[in-house]
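User: I'm new to reading protein structures, and I'd like to concentrate on a single part. Please take one helix, go through it closely, and then show me what lies around it.

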Amino acid sequence: MTRPGGEWQNWGRSQRVRPLRVERPGSIQAVQRAVLAAQANRMTVKPIGAGHSFSGIAVAPGALLELDDLTGIVEIDRDRKRVRMLAGTRLHQIPKLLAPHGLAMQNLGDIDRQSISGAISTGTHGTGARFGGIATQIVGATLVTASGDLLTVDETQNSELLPAVAPGLGALGVLVEVTVQCVDAFVMHAVERPEPLADVLADLDSRVAKADHFEFYWFPHTDVALTKTNTRLPGDAPRHPLPRVGKWMDEELLSNGLYRAVCATGAVIPAIVPSFSRLAVKLTGNREYTDASTGVFTQNRDVRFREMEYALPAENVRPAFEAMRALIDERGWRISFPVEVRFAAADDLWMSTAQGRASGYIAVHRYWREDPAEYFEAVEQIMLSFGGRPHWGKMHTLDASILRERYEHFDDFTALRDRLDPDRRFQNPYLERVLGE
């Protein structure tokens, strides 16, 4: 289906564009036709998923492809625990698709609205020092290249390209299928506790090393860390999920409903923010439960925000965090959104933020009706001084001249883009900035 383009904007309302046309292909062949049509009309073309990136990586000034009809499982290899699925499949759909086969994804982030192709293209990740981002779970992919041809990349075909395709930033072609290396379905025991921030920072390396999955949130203007420690258990382990009413109160009434009202008020009256933050750490983040992995990894986030996140060498997380904390105090900012700290294993993917090094992630947020520029740009300078690499799907100001120095395979990746997309059919302003010409 093709129609004239109306205005598109992302979830965080940080990006908007009026594409020349919008297409909703219902098959892989329709994607090929759309790419060929864009080529014939000298028009750029770009697929979008859920629009959950905060950077301009998904902005489509030419032809915008909505892949919502390309969802579901194509093939399952139960013996190898590999699942081939269409690229538009949303992360929140995957647990039900995998459940009849006794499988699950190895690790997930805390938001599951994204499409699988968007998540791997931007380097989306969860937490856990022994686990990589979602892109590390990809063992095969099929792309429509700028010529309209299908390029299959897996262990038997073009295997040397797999480290480039995931994450590929949407610069190499349109992902139409991905093959995920799954694991047997498992259960997790979750412990969420408010703890003194000083104690958490002092013991950070040990906590990260001992836990399967560890992260913490810190509300500026407090001295408390909201810690989350998840332990993996076999799929047949007893489950003790959160009571439905209690979960609704924590995650909907407090974390979404009340929090939205406070953020909106704080944008107008910043003076209320510190008091609310101190109250928030008393009311939330203190619970223990055991449930299916996907029910523990992900949470519903309705309060709209904007985000910047940097990946650091794991050993630099604490000093970078302390420098950022001192900066907030020094500037006197009133920040209503918490800072999130997570961890991931090193990987060998060319454009992964964890390429070649065990990594920690520091994410900062602002309510969407507040201007994040001053806060984000100042924090960005701290992250850069500690060896940071920006998350591709989140806000940052870097360009190719800086990013080239931070990625060992940067030139390999751009050379592959030159080969697969010499006319820059998949280009947009963001990719022009971060990859250059």
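Analyst: Here is a walk along one helix, followed by its surroundings and a few other spots worth finding.

This is a predicted model, in which local features need pLDDT of at least 70 and side-chain atom pairs count only at pLDDT 80 or more, while totals for chains, interfaces and linings use all residues. Residues are numbered from 1 along each chain as its sequence is written, and side-chain values use heavy atoms, with hydrogens and water left out.

Let's begin with helix H10, which covers residues 317-331. Helices (H or I, at least four residues) and strands (E, at least two) are DSSP runs numbered from the N terminus. H10 has 15 residues, which at 1.5 Å a residue should span 21 Å, and its end C-alpha atoms are indeed 21 Å apart. (The expected span is 1.5 Å times one less than the number of residues.)

Now look at which way the side chains of H10 point. Its buried residues are Val317, Ala320, Phe321, Met324, Leu327 and Ile328; buried means under 20% relative accessible area, exposed over 50%, and partly exposed in between, with a 1.4 Å probe and protein chains only. These buried residues cover an arc of only 120 degrees around the axis, which puts them on the same side of H10. (The arc is that of the directions from the helix axis to the C-beta atoms.) An α-helix has 3.6 residues a turn, so residues three or four places apart point the same way. On the face turned away from the buried side, H10 carries the exposed residues Asp329 and Glu330. After the helix comes Gly332, with a positive phi near 70 degrees.

Pick out Ala320 in H10 for a closer view. With a relative accessibility of 0%, Ala320 counts as buried. Setting aside neighbours within four places in sequence, Ala320 is in contact (heavy atoms within 4.5 Å) with Leu312, Ile362, Ile382, Met383 and Phe386. For a sense of scale, Ala320 and Ala63 are 41 Å apart in space, C-alpha to C-alpha, and 257 residues apart in sequence.

Two of those contacts of Ala320, Ile382 and Met383, are also among the buried residues of helix H11. H11 takes in residues 373-385, and its 13 residues reach 18 Å from first C-alpha to last, close to the 18 Å expected at 1.5 Å a residue. The full set of buried residues in H11 is Tyr375, Phe376, Ala378, Val379, Glu380, Ile382, Met383 and Leu384. They pack against S18, H10, strand S19 (339-344), strand S20 (359-367) and H12. Just after H11, Gly387 also has a positive phi, about 85 degrees.

Go back to the stretch between H10 and S19, where Ser336 sits in the loop. Ser336 counts as buried at 3% relative accessibility. Leaving out residues up to four places away in sequence, Ser336 touches Phe219, Tyr259, Cys263, Val273, Tyr367 and Glu370.

Strand S18, one of the partners of H11, leads us to charged side chains. Side chains of opposite charge can pair when their charged atoms come close. Glu309 and Lys394 meet in a salt bridge (3.1 Å, N to O), a term for a side-chain nitrogen of Lys or Arg within 4 Å of a carboxyl oxygen of Asp or Glu. This pair links distant parts of the chain, 85 residues apart: Glu309 is in strand S18 (residues 305-313), and Lys394 is in the loop between strand S21 (389-390) and helix H12 (400-406). Both Glu309 and Lys394 are buried.

Across the whole structure, a search finds 29 salt bridges. One of them joins Glu155 and Arg80, at 2.6 Å from N to O. Glu155 lies in the loop between strand S11 (150-153) and helix H4 (162-165), and Arg80 in the loop between strand S7 (73-77) and strand S8 (82-86), so the pair ties together parts that are 75 residues apart in sequence. Both ends are partly exposed: Glu155 has a relative accessible area of 46%, and Arg80 has 39%.

Finally, here are two backbone details to find. Ala166 and Pro167 are joined by a cis peptide bond, with omega about -5 degrees, and Pro167 is in the loop between H4 and strand S12 (174-181). His221 has a positive phi of about 80 degrees although it is not a glycine, and its place is the loop between strand S15 (213-218) and strand S16 (224-234).
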